[in-house]
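Trainee: Hi, could you walk me through this one? I'd like to start with the pockets.
Mentor: Sure, take a look first.

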Amino acid sequence: MRHSSIPGAHGRVRDLTLHGDPLLHAPCAEVTAFGPELARLVEDLFATMYAAQGVGLAANQIGEPLRVFVYDCPDDEDVRHVGHVINPRLTETDGVVIRGPEGCLSLPGLEAGTERYDHAVVEGFTLTGDPVTVHGTGFFARCLQHECDHLEGRVYADRLKGWRRRKLTRQVARASWST
């Protein structure tokens, strides 16, 4: 029997902030107030992530420039990881650097081979202000690094070089959602 609600069940699906919006390219502010408004934001993040069929979502992707992200992401062993991190800090990346397909809800329908470490550690806080440490491997490590990048004002496209960057830039320009 489930004793807690499903993440996002009480949230509101919000519009996604799309690539090109200045909000995605500015560092997010630290969360200073832990309370009902923050809990609503986390619920909205989960609801929006699930509606868009994503595996992670940062607050600036729904127009809130705060250091918060949520995730519901498998690792390479198909173990599901579900949670949120407030004021996250990427404290460790190591292991093998793997170039793998990476997409983003703020660049809908597009992806590019992006290099990421196959192990990552994020430290931060829960909604109640308790410290939390999240360890990720494989695809989940990619997700953690991707969401932390968002909160620093970066998208995966910023990590691309050469022909991969040129190709994605052309795809963005042709995308129906591009401004």
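Trainee: Which element gives the largest share of the lining of the second largest pocket?
Mentor: That's α2, with six residues. Helices (H or I, at least four residues) and strands (E, at least two) are DSSP runs, numbered from the N terminus. A pocket is found on a 1 Å grid over the protein atoms alone: an open set of points where a 1.4 Å probe fits, with protein on both sides within 12 Å along at least five of seven lines, and lining residues have an atom within 4 Å of a point.

Trainee: Is this an experimental or a predicted model?
Mentor: Predicted: local features need pLDDT of at least 70, side-chain atom pairs count only at pLDDT 80 or more, and totals for chains, interfaces and linings use all residues. Residues are numbered from 1 along each chain as its sequence is written, and side-chain values use heavy atoms, with hydrogens and water left out.

Trainee: Ok, back to that pocket. Which residues are closest to its centre?
Mentor: Of the 16 lining residues of the second largest pocket, V55, G103, C104, F139 and H146 are the closest to the centre.

Trainee: And what about the largest pocket, who lines that?
Mentor: It has 21 lining residues, with T114, E115, R116, D149 and R159 nearest its centre. β3 (80–103), β4 (111–125) and α2 (138–151) each give two or more of the lining residues, and β3 gives the most, with six.

Trainee: How many of those lining residues are charged?
Mentor: 11 are charged, next to six nonpolar and four polar ones. Here Asp, Glu, Lys and Arg count as charged, Ala, Val, Leu, Ile, Met, Phe, Trp, Tyr, Cys and Pro as nonpolar, and the others, Gly among them, as polar.

Trainee: Switching topic: how many disulfides are there?
Mentor: Zero in the whole structure; a disulfide needs two cysteine sulfur atoms within 2.5 Å.

Trainee: Why does C28 have no bond with C148?
Mentor: Because the sulfur of C148 is the closest cysteine sulfur to that of C28, yet it is 11 Å away, too far for a bond.

Trainee: Is C28 buried or exposed?
Mentor: Buried, at 9% relative accessibility, where buried means under 20% relative accessible area (1.4 Å probe, protein chains only). C148 is buried too, at 5%.

Trainee: Last one: what does L41 contact?
Mentor: Leaving aside neighbours within four places in sequence, L41 is in contact (heavy atoms within 4.5 Å) with R14, A59, I62, E64, L66 and V68.

Terms used: Buried < 20%, exposed > 50% of the residue type's maximum accessible area, 1.4 Å probe, protein only.
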